[in-house]
Amino acid sequence: QVRLVESGGGLVQPGGSLRLSCAASGSIFSIRTMGWYRQAPGKQRELVAAIRSGDITSYADSVKGRFTISGDNAKNTVYLQMNSLKPEDTAVYYCNADITTTWGRGSEYWGQGTQVTVSS
């Protein structure tokens, strides 16, 4: 069994910063990619940022220059540093990971989501 546990969401004023964390645990053999998605009310879930083997990162155009994704391989943890937050960043943020388990099964896993609200 594999679990993704997120933390770090909350309420912040426009221009502020938040740092999200997502820790993967369980029967993990390897992690190919980890990333963050978000879903605002009435909108589709969208990819925010991802990191894969070799620390190769990718970002949605809307967050480039403001958000930074990083990972700690030893802890199976991914972080999302969010700076210069805007009201349009308000959403539920979900951690996502592409993981191969110790019994050889590759699957996509999701965290439970953490609310980020940007408002004055």
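Reader: How much space lies in the largest pocket?

Author: The structure is a predicted model. In this model, the space in the largest pocket comes to about 230 Å³.

Reader: Which residues that line the largest pocket are the closest to its centre?

Author: The lining of this pocket consists of 15 residues. By class, they divide into four nonpolar, seven polar and four charged. The closest to the pocket centre are Ile31, Ile51, Arg52, Ser53 and Asn73.

Reader: Which strand gives the most to the lining of the largest pocket?

Author: At least two lining residues come from each of β4 (28-39), β5 (46-52), β7 (67-72) and β8 (77-82). The top contribution to the lining is four residues, and the strand that supplies them is β4.

Reader: Which cysteines does the disulfide join?

Author: A search of the whole structure yields one disulfide. Its S to S distance is 2.0 Å, within the 2.5 Å cut-off for such a pair. The cysteines joined are cysteine 22 and cysteine 95.

Reader: How many residues apart in sequence are the parts that this pair ties together?

Author: Cysteine 22 belongs to strand β3 (residues 18-26), whereas cysteine 95 belongs to strand β9 (residues 91-101). The pair therefore ties together parts whose separation in sequence is 73 residues.

Reader: Are cysteine 22 and cysteine 95 buried or exposed?

Author: The criterion for a buried residue is a relative accessible area under 20%. Cysteine 22 and cysteine 95 are both classed as buried.

Reader: Is the link of cysteine 22 and cysteine 95 left-handed or right-handed?

Author: The angle about the S-S bond is -80°. With this value, the link of cysteine 22 and cysteine 95 is left-handed.

Conventions: Residues are numbered from 1 along each chain as its sequence is written. This is a predicted model: local features need pLDDT of at least 70, side-chain atom pairs count only at pLDDT 80 or more; totals for chains, interfaces and linings use all residues. Side-chain values use heavy atoms; hydrogens and water are left out. On a 1 Å grid over the protein atoms alone, a cavity is a set of points where a 1.4 Å probe fits but cannot get out, and a pocket is an open set with protein on both sides within 12 Å along at least five of seven lines; lining residues have an atom within 4 Å of a point. Grid points are joined across faces, edges and corners, and a volume is the space filled by probe spheres set on the points. Ala, Val, Leu, Ile, Met, Phe, Trp, Tyr, Cys and Pro count as nonpolar, Asp, Glu, Lys and Arg as charged, and the others, Gly among them, as polar. Buried means under 20% relative accessible area, exposed over 50%, partly exposed in between (1.4 Å probe, protein chains only).
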